[in-house]
Amino acid sequence: MDLVVFLPLFIILGAFMFFASRRQKKAMQATIDLHNSLTVGDRVHTTSGLQGTIAGITDDYVDLEIAPGVVTTWMKLAIRDRIEESDYDEDDDELDLDEESGAVELTDRPTPKTDSN
């Protein structure tokens, strides 16, 4: 009799675990598909937020050009996503500041005057 009381809880818990594992499998497959589709010349984000262009690729590693002439080697697992052409415009390298956020652009500051007595 006591088991009948917990039966709906077990059913709900089982359904939750089933759907959670499905979502995780889909995300893992999407990451594997991304890593298999990478090619030289693709612009990518890493998991640490770095942007770069793939300069070379092997089974487990990618060489990212993060600045002109600066190439670093990363594990493929560190690649989070590909930057699509619509996401990045090479002519617009400057950051857009949000007027409402209160962000301030840093400029040259005047040097502080000191007393030299």
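User: How many salt bridges does the structure hold?

Analyst: Two, in this predicted model.

User: What makes Asp 42 and Arg 82 a salt bridge?

Analyst: Their side chains meet at 3.2 Å, N to O. The cut-off is within 4 Å for a side-chain nitrogen of Lys or Arg and a carboxyl oxygen of Asp or Glu, so the pair qualifies.

User: What does that pair tie together?

Analyst: Parts that are 40 residues apart in sequence, because Asp 42 lies in the loop between helix H1 (2-37) and strand E1 (43-46), and Arg 82 in strand E5.

User: Why is Asp 42 called buried?

Analyst: Its relative accessible area is 15%, and buried means under 20%, so the label fits. Arg 82 has 25%; that lies between the 20% and 50% limits, so Arg 82 counts as partly exposed.

User: And why does the Arg 80 and Asp 81 contact count as a salt bridge?

Analyst: The N to O value is 3.9 Å. That's within 4 Å, so it counts. Arg 80 is partly exposed, at 45% relative accessible area, and Asp 81 is partly exposed too, at 29%.

User: What makes E4 and E5 edge strands?

Analyst: The open sheet runs E4-E3-E2-E1-E5, with antiparallel pairing. Strand E4 (70-75) and strand E5 (79-82) each pair on one side only.

User: How do you know that E3 and E4 pair?

Analyst: Strand E3 (residues 61-67) and E4 share six antiparallel bridges. Pairing needs at least two, so they pass. One of the contacts puts Val 62 opposite its bridge partner in E4, Trp 74.

Terms used: Residues numbered from 1 in each chain as written. Predicted model: local features only at pLDDT ≥ 70, side-chain atom pairs only at ≥ 80, totals over all residues. Heavy atoms only, no water. Helix = DSSP H or I, 4+ residues; strand = E, 2+ residues; numbered from the N terminus. Buried < 20%, exposed > 50% of the residue type's maximum accessible area, 1.4 Å probe, protein only.
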